[in-house]
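The following exercises concern the relation between two chains and the packing of two helices. Please work through each task with the coordinates at hand before reading its solution.

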Protein chains: 2
Amino acid sequence: MTQQQLTQAIRDKSSFLCIGLDVDLDKIPPHLLQEEDPIFAFNKAIIDATHHLAVAYKPNTAFYESYGTKGWQALEKTIDYLNESYPEVFTIADAKRGDIGNTSTRYAKAFFEQMGFDALTIAPYMGRDSIEPFLEFEDKFVILLALTSNPGAFDFQVGEATPNLFEQVLHTAQTYKNQQRLMYVVGATKTEYLSRVRNIVPDSFLLVPGVGAQGGNLREVCDHAMNDQVGLIINSSRGIIYASGGADFAQAAAAEAQKLQAQMKEILSNRWG
Amino acid sequence: MTQQQLTQAIRDKSSFLCIGLDVDLDKIPPHLLQEEDPIFAFNKAIIDATHHLAVAYKPNTAFYESYGTKGWQALEKTIDYLNESYPEVFTIADAKRGDIGNTSTRYAKAFFEQMGFDALTIAPYMGRDSIEPFLEFEDKFVILLALTSNPGAFDFQVGEATPNLFEQVLHTAQTYKNQQRLMYVVGATKTEYLSRVRNIVPDSFLLVPGVGAQGGNLREVCDHAMNDQVGLIINSSRGIIYASGGADFAQAAAAEAQKLQAQMKEILSNRWG
C-alpha cells in the first residue's frame with residue numbers, strides 16, 4: 001500500500017483508527033473456545049464488524065507466538081483474511097523486531113513477503129544496518145519505535161542520562177536510505193513530546209498507541225501531531241476488542257470503534273471542512 | 001538451568017562455545033531438502049555432531065519465522081530435541097524481543113514455558129517494564145542487548161549524541177528487579193569496550209557474538225572480559241554450521257567447533273591450571 005492510498009482510506013472512512021488484535025484466549029468469549037481456531041474466529045468476527053470504522057489492524061505478534069504453532073497459523077490466517085477480504089486496510093505486524101543485516105532481511109521477508117503485511121514495527125537500538133534492510137521493500141513501511149507509551153520509556157528514550165534519545169533516533173533515521181518508508185511509534189501518554197516529534201518529522205505518519213487503555217486523549221494528540229495529510233494512525237486494542245466478553249463481543253467492539261471514529265470524523269471535518 | 005550449572009558445563013566440556021543455529025535453506029546441503037523437515041534434520045545433525053564441544057545453542061528466531069508455520073515447527077522440534085537429548089546444554093532463543101508489560105509476559109511464556117528455552121535475548125529500548133516481566137522466571141535468563149557487533153551500534157549505543165548509551169543500559173539494568181537473571185550481549189568486534197562493560201557488570205555472563213564470521217578474536221575477548229566464573233559465552237554461527245555444503249556438513253561443523261574448543265580449553269587451563 002502507498003502512503004497516498006492510506007490517506008485516501010482515511011478520507012473515505014473518516015477514520016484514522018487502528019485496531020490492535022492482541023488476542024488472549026483468557027479474555028475472548030468462552031463460546032469461541034469450541035471453534036477449531038478460536039483466535040482466528042475472534043479476529044474474523046472483530047474485523048467483519050469494524051472494517052468500515054478502521055483504516056488499519058495491528059496484531060501484536062507476542063500474543064500469537066505465545067500459542068506456538070497454532071498461534072502462528074492463526075496469525076497467518078488473519079493476515080490472509082485481511083488481504084483477501086479488505087485489501088484497502090493497512091496491516092501492521094507489531095513485532096518490534098530488529099537484528100543485524102542478514103537477519104533483518106529474513107524478518108522482512110517473513111512479514112512483508114510470506115505474510116503480506118504492509119508495515120512492521122522495529123526497535124531502533126541496533127541502528128542503521130538493522131533497519132535499512134526493511135526499507136528496501138517498495139510500498140512497505142517500517143514503523144520505528146521512537147517514544148513508547150510505557151513507563152520504561154523514561155529509562156532510555158527520555159532517560160536521565162539520555163534525555164533526547166528519542167529525538168536522536170528521529171534525526172538519525174532521517175539519514176537512512178529509503179527513509180520515506182519510515183513511520184514512527186509515538187505514545188499518546190506524553191502529549192508534551194508530540195510537538196517535539198512533529199518538528200523533526202513533519203511529514204511522517206505516526207502510529208500512536210495509548211489512546212484508550214493506556215490513557216491518552218484523542219483530541220489532545222491531534223492538536224499536537226496532526227499534519228496536512230492527517231499523518232496519524234491511532235491505535236486502540238483492549239478498549240475495543242474486549243468491550244464485551246459475551247456473545248455480543250463483535251457488536252460491542254464495533255460500538256467502541258464507532259465512538260472513536262465519530263470523534264475522528266468530527267476532528268477531520270473541522271480540519272478539512 | 002542455574003548459572004552454577006552453566007559454569008559446571010563449561011568446566012566439564014572445557015568450552016564456552018555457543019553454536020548459532022541460523023538455518024538458511026539456501027545454504028544447507030541440498031540433499032537435506034528431500035527430508036520432511038530439512039531445517040530440523042540439519043539442526044539435529046549439527047547438534048549431534050557438536051554437543052560435546054559446545055555449552056550452548058542459539059537459534060535466531062528470524063530464520064525460522066521466515067519459513068512461516070513450518071519454520072516455527074522446526075524451531076519447536078529443535079528446542080524439544082535439545083531439552084530431551086542434551087539437557088546439560090544452555091539454550092538461547094535469539095529473538096531480540098521487547099514490548100510492554102502484558103506483552104512481555106506473553107513472550108516470556110512463549111519462549112520459557114511453551115518452548116522451554118533457558119534464555120532469551122531482549123532489546124532494552126523500552127526500558128524497565130519491558131524487561132522485568134522476563135526476569136520473574138526462576139532459572140531463566142534475559143540476555144540484554146548492550147553493545148552489538150554490527151556497524152549500526154554506532155548510531156545510538158555508542159552514538160555521536162549518546163556516546164555512553166550502552167553503559168547507561170548496563171547501569172540502569174542493575175536496578176531492575178531480579179537483575180541477577182540478566183546476562184548481556186556484547187559484540188566481539190569492539191574489544192576496546194569490553195573492559196568498560198566488565199567494570200560495570202563484573203559478575204555477569206556476557207554473550208559475545210562476532211567471533212568468526214564477524215571478525216572478533218577469541219584470545220583478545222578473553223583477556224578483556226573473562227571473569228573468575230569464566231563469565232563468557234562465545235557464539236559462532238555461520239563459521240561452524242556452514243563449514244561444508246556437502247554430505248560431510250556435520251563433521252565439518254564439528255571440526256570447526258573443535259578448533260574453537262581447543263583454543264578455549266587452552267585459555268581455561270592457563271586460567272584454572
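Two exercises follow, each with a worked solution.

**Preliminary remark.** The model is predicted, with ipTM 0.94 and pTM 0.94. Chain A averages a pLDDT of 94, and 98% of its residues score at least 70.

**Exercise 1.** Determine which relation connects chain A with chain B, and characterise the side of chain A that touches chain B.

*Solution.*
1. Superpose the copies: a turn of 180 degrees with a shift of 0.0 Å along the axis lays chain A on chain B with an RMSD of 0.0 Å. The relation is therefore that of a two-fold axis.
2. Compare the surfaces: 100% of the contact residues of chain A recur in chain B, and the same surface serves both copies.
3. Count the contact residues: chain A and chain B each contribute 48 residues.
4. Assign them to elements: those of chain A that give two or more residues include α3 (61-65), α4 (68-85) and β3 (90-97). The most comes from α5(A), with 7 residues.
5. Classify the side of chain A: 18 residues are nonpolar, 20 polar and 10 charged.

**Exercise 2.** Describe how α7(A) packs against α8(A).

*Solution.*
1. Fit the axes: those of α7(A) and helix α8 (residues 191-200) of chain A come within 10 Å and cross at roughly 20 degrees.
2. Apply the cut-off: angles under 35 degrees count as roughly parallel, so α7(A) is roughly parallel to α8(A).
3. Assign the hand: the crossing of α7(A) and α8(A) is right-handed.
4. List the contact: α7(A) supplies E167(A), L170(A) and H171(A), while α8(A) supplies R196(A), V197(A) and I200(A).
5. Classify these residues: 3 are nonpolar, 1 is polar and 2 are charged.

Definitions and conventions: Residues numbered from 1 in each chain as written. Chains lettered and ligands numbered in written order. Predicted model: local features only at pLDDT ≥ 70, side-chain atom pairs only at ≥ 80, totals over all residues. Contact = placed C-beta atoms within 7 Å. Helix = DSSP H or I, 4+ residues; strand = E, 2+ residues; numbered from the N terminus. Nonpolar A, V, L, I, M, F, W, Y, C, P; charged D, E, K, R; others polar. Least-squares fit on C-alpha atoms with pLDDT ≥ 70 in both. pLDDT = per-residue confidence, 0-100. Axes fitted to C-alpha atoms, helices over the stretch in contact; angles between N-to-C directions. Parallel < 35°, antiparallel > 145°, perpendicular 65-115°, else oblique. Left-handed = near helix turned anticlockwise from the far one by under 90°.
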